[in-house]
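Work through the exercises below with the sequence and coordinates open. Each task is followed by a solution in steps.

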Amino acid sequence: MSLSLGSVSRFIDPDFGPDPYFEKILNPKPAGDKHIEYMFKIIWPLLASYRKVLVAQRAMTTYTVLSQIAAGERDLDYLGAGHILYTDYPGKGKTLLAKIPSIVLGGVFSRFQGANDNLPSDFTGNRILDIDYNGKRFFRFVQGPAFGDFILVDEVNRNPPRTLSSLLEPFGEGTVTNFGETYRVRPYGLFTMNPVETEGTHPLPEALLDRIMFKMTGEWFTADQFAEILDRTNQYATIRAGLKQVCDIGMIHEIREFFHTSVYMHSDIRKRMGHFAEISNDPHRFGHLRLFTEKFDGPIIRSGLSGRGIIYWEGAARALAALRYRDYVCAEDAEKVLLPILRHRIIFEPGALVFMTHELGFRDTTETADVIINTLIKEAW
């Protein structure tokens, strides 16, 4: 017997109403009461809040929610979130989107602006010399942006390599070490990059990219959407007043752990994912990818999914199944999240993307990379 809207009315937030996707669910019964309560009371209000503020960009808002409820980094005693990287032209709403989670989910929002003169201590915090009431000097630790619950790392590629290395521990292990003392943190990271400006930027280390779940690019606005941007920016005071906190920060961690343990993934799907991960590191024997290789006169892909990458992929597939009111993962879920999982994990040979962009007549290397990755998914999944 399917679950009716009337039978779950006790879960519906009157300010947001039921998730429209719920009405599309067919038999059998989709998920348990706890699952649906989390969706109606927290996940759907969070997604609706994103879309209330941001014009268009539906994929960006959906995957932001997925990265927050998905299990990403997994240490011995730490289950981290999947972080997200927005790579797009200015004015798409990347920074605006990053400010909403702390309003809806509680917690502390912090911002770390990328700059060439940033030091690791600018992010993690540092000890400063202070004087107490008795005139005695002592060192006091001042926390940096790394201690926020939601951290916007704006223009992350403007940070020098030594500063980029300081991001690995908090976002990967949930700790910050300073002067030999280790502090526990549970950050969720929203990283932004601007592909237009390259002066003063640095390539992101593969180790940092591998700790990010999704790499997202925005959609181009239509004429009507440009007009809607003007309407919404003139109503920001009203929109901000309409956003409300639906839970505290601890609840989102609880939801992440619940979906991680309650959403089932069959061993056949795991084996299929493992097979794809192996192929992604040596994909050149497949049809159209072989044609790309012949055009370039050599392999175009250097490496693909890592061990950490497939863990993030599994977490994303579970989260998507949960968002679709299911407590089991379908092959379609794993395929759906693959493109943003692979965008920053497929490492291309030097010069391959520029060559293929000119050869195939695409707009830019980002579009070329997406075409090649989609080809890999279509042929190898």
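**Exercise 1.** Which residues form one aromatic cluster with Tyr21?

Solution. Phe22, Phe40 and Tyr325 join Tyr21 in one aromatic cluster. The pairing rule takes rings of Phe, Tyr and Trp (its six-membered ring) with centres within 6.5 Å; planes under 30 degrees apart count as stacked, over 60 as edge-to-face and the rest as tilted. The model is predicted: local features need pLDDT of at least 70, side-chain atom pairs count only at pLDDT 80 or more, and totals for chains, interfaces and linings use all residues. Residues are numbered from 1 along each chain as its sequence is written, and side-chain values use heavy atoms, with hydrogens and water left out.

**Exercise 2.** Classify the pair formed by the rings of phenylalanine 276 and tryptophan 313, and state which helices hold these residues.

Solution.
1. A search of the whole structure gives 20 aromatic pairs.
2. In the pair of phenylalanine 276 and tryptophan 313, the ring centres are 5.6 Å apart and the planes stand at 65°, so the pair is edge-to-face.
3. Phenylalanine 276 belongs to helix H12 (residues 267-280) and tryptophan 313 to helix H14 (residues 307-323), so the pair ties together parts 37 residues apart in sequence. Helices (H or I, at least four residues) and strands (E, at least two) are DSSP runs, numbered from the N terminus.
4. Phenylalanine 276 has a relative accessible area of 0% and is buried; tryptophan 313 is also buried, at 0%. Buried means under 20% relative accessible area (1.4 Å probe, protein chains only).

**Exercise 3.** Describe the span, the burial and the two ends of H14.

Solution.
1. The 17 residues of H14 reach 25 Å from first C-alpha to last, close to the expected 24 Å. The expected span is 1.5 Å times one less than the number of residues.
2. H14 is mostly covered, with 13 of its 17 residues buried.
3. At its start, a side-chain oxygen of serine 306 comes within 3.4 Å of the backbone nitrogen of arginine 308.
4. After H14 comes tyrosine 325, with a positive phi near 60°.

**Exercise 4.** Which rings have arginine 272 and arginine 345 over them?

Solution. Arginine 272 lies over the face of tryptophan 381, 4.3 Å from the ring centre. The charged end of arginine 345 sits over the ring of tyrosine 312, at 5.2 Å from its centre. The criterion is NZ of Lys or CZ of Arg within 6 Å of the ring centre and within 35 degrees of the ring normal.

Definitions and conventions. Buried means under 20% relative accessible area, exposed over 50%, partly exposed in between (1.4 Å probe, protein chains only). A polar contact is a pair of N or O atoms within 3.5 Å; within protein, one must be able to donate a hydrogen and the other to accept it, and residues adjacent in sequence count only if both atoms are side-chain atoms.
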